[in-house]
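Student: Could you take me through one part of this model in detail? I would like to begin with the cysteines and then move on to the surface.

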Amino acid sequence: MKRTLPVVFLFTYLLLSFCQVVIAQKVALVLSGGGSRGAAHIGVIRALEENHIPIDCIAGTSIGAIIGGLYAIGYSPDEMEAFLSSKEFNRIITGNFSEKYSYFYRKEEPNASWINFDFNLKKKLTSQLPTNLISPYEMDFKLLEMLAPASAASGYNFDRLMVPFRCVVADVDSSKPVTLRNGDLGSAVRGSMSIPFIFKPVMVNGRLFFDGGMYDNFPVDVAMKEFHPDIIIGSRVAERYHKPDREDILSQIQSMLMERQNDTISYPHSVLITPAIPDINIISFSRIKELADSGYHAALKKIGEIRKMVHKSENSELLVKKREEFKKKQPPVVFDSIYITGLNPTQSKYLRRTLKHGHNHVQIDDLQKEYFHFIDEGFIKGIFPVAHLNRKTGFYDLYLDVQKSDNFNIQFGGNISLGASNEGFLQIQYRYLWTKALHFTVNGYFGKFYNSAKVGTRIDFNSIVPWFIDATYTLNHFNYFRNTTYFFDDKIPSYLMQSEYFGKISSGFPLINHGKFTIGITGGFTNSKYYQFNIFSRLDTSDQTSFNFLSPGITFELNSLNRKQYANAGAKLLLSFSYTNGEEKFLPGSTTLNKHEINQDDQWVQLRILWDNYFKSLGPFKFGFYAEGFLSNQPLFLNYISSILYAPEFNPVPEMRTLCLPSFRANNYASAGLKMVLRIYKKIEFRLEGYLFQPYKAILENPADRTAYYGKPLENRSFLGSTAIVYNTFLGPVSIGVNYYEKSVDPFSLYLNFGYILFNKRALE
């Protein structure tokens, strides 16, 4: 018995020693920052899992915090790669707002603006400058959607996630890195990836957090201090920042703000994996698979070295089961109470009503839709959502930190042309969020050819089916005498000026995201001054036609075109029906044979159909189809010129809006055309367009008395062709090209423009 005792002690000692080596071994994975290069971390994790290398804890910075956070809540490498490769993620990370969250009915009419910004005269200029290049709205909500359930399941303790996790952020106020080990996981990850000037920083518990890579881009020290691991495996994808490029703002920001990192791990039991990363922009996520593969192959080369230190193995089936069990613990996101900071009580009530519409509880998918619709209203410049599970109610409380936009918004732009269509544009808008959403707008166009002033107000109601009331008053003035336009077979320009003074009241609501239904009534006065002959002197007085009218109408419009001019994607469908009743008055000038004033009552109904559609790309080519038609019983006016002026016009090419072309005007017509857009280089395109205009009966002139009459049915069709090279700058398009107008005195027109040829709406449009 005494002899066996030492043997037992020896056996026990060896067994405990073996267990310490095999069982108590803790492996920490450290993931560096590095922007999109961090997709290589996915391949590293995939290689470790395939070779049954356990990951007992994980620490990450920036993109390393995103990958590490997803892995810590149970995402597999395949799931992470699929997410980062998705169109949704690519849109989110570039700040492109999803079209499904944008209400077309809220969009103002296209105008000639180049620049749009909010301002407040009481604030310093520096406080009104943008703090980020990329809109974070969808990214913030997506992180909430993905990470809030896991945060709740862990009790907001990162040690209780599926894999214990540490997230490194930068506290700019103290100029130090901060390690986050509890709280809201989404806020932590979002703070760690907030590259200065690229993404808006995050406020957590009164502290402003930026990208953790500013002070600790490879948090090996965090893993050592927080987890005390036996082995550290590090995946480093960020290179030392080279000398900044004067043409690359990102490289300049990196050089100024990011501290230099260590290239190695100063830890006795460690392995450093450095994937071969291609030269890629840090916010370009178009090569996820290639990057993941680079991490995978780099990790495989290190498996032998890792196995010399890591003796235990991870069972694949148990790992899958572990993921499933942790996901089952995550409570679904259903919101109860909503707490809002940054808005006054009335505005907060408006937002709550928008998000919940009186319901006690709301599913995350339903709230998400209204959340982004509120953002689209334009009353805020920042909003950060946090969801926290309320253990007493069993539902989530939603906390919204809102930064309200300044009430005043200014837009300016116009068009610079070699021709006469030069114009400036200025608009000032005052927005006020109350129990309703209020907008007050004043704008003006200034130029030789076109001048306009418009005032308007709009009230939006945030009911379950949102709707609006809009009232505007517009003054338009067109001076065709200063443009190159011809009425007759003569090279002397005709004198023609048109003025419009009209008000409109309308109401509408969305039928679908890209569509709206509007009903309204327009009333006003128009006046046209012209000569019916091309021979006149300065002492002569022009003829005048005035028209007082009232015109109710209904419109359905569907619009998903991607640009307000020179679109190359999307579609537009317009259906409108109107009734017009008015009094026409003719005042003769000094050159008219008939010297009598004539009055005439005119009334008509009119149906307009327009379809503009671009199809899917065929390599660098995009093709489109355009069709438009008018059907009406509009009568002829008292003479040929006035009949042409008040007839609907066909103008699918921007320059046509500055010309009065009789061969493309008629009371009833059908038109169609094809468009081809060839992408030459990035934002440079070549456009080729051709259209056929077919009036049912052309408006013709009786030379004897200058009256108008209808031609024979389906005669006098006209062809229109257009070519252009367009460079779509961030301000507006630069376009140069040639247009061909059949049956015009000078059928060819050469143009060069920078900006937009867009006007306020016409009186009878």
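Tutor: Happy to! This is a predicted model, and the count of disulfides in it comes to zero. A disulfide needs two cysteine sulfur atoms within 2.5 Å. The sulfur of Cys167 has its closest cysteine sulfur in Cys57, 15 Å away, so the two are too far apart for a bond. Cys167 is also buried, with a relative accessible area of 0%. Cys660 is buried too, at a relative accessible area of 0%.

Now for the surface. A nonpolar patch there is formed by Ile459, Ile464, Val465, Trp467, Ile469, Ile505, Phe509, Leu511, Ile512, Ile521 and Leu550, which together have about 940 Å² of accessible area. Two elements give two or more residues to this patch: strand 18, spanning 467–479, and strand 19, spanning 496–512. Strand 19 gives the most, with four residues. Trp467, for its part, lies in strand 18. Its relative accessibility is 32%, so Trp467 counts as partly exposed; the range for that class runs between 20% and 50%.

For a contrast with the patch, have a look at Gly68. This glycine sits in helix 3, residues 63–72, and at 0% relative accessibility Gly68 counts as buried. Setting aside neighbours within four places in sequence, Gly68 is in contact with Leu31, Ile58 and Phe165. Of these partners, Leu31 is 37 residues from Gly68 in sequence, while the C-alpha to C-alpha separation of the pair is 7.1 Å.

Terms used. Residues numbered from 1 in each chain as written. Predicted model: local features only at pLDDT ≥ 70, side-chain atom pairs only at ≥ 80, totals over all residues. Heavy atoms only, no water. Buried < 20%, exposed > 50% of the residue type's maximum accessible area, 1.4 Å probe, protein only. Patch = residues over 30% accessible without salt bridge, like charges linked within 9 Å, V, L, I, M, F, W, Y side chains within 5 Å. Areas by Shrake-Rupley, 256 points an atom, 1.4 Å probe, with all protein chains shown as cover. Salt bridge = Lys/Arg side-chain N within 4 Å of Asp/Glu carboxyl O. Contact = heavy atoms within 4.5 Å.
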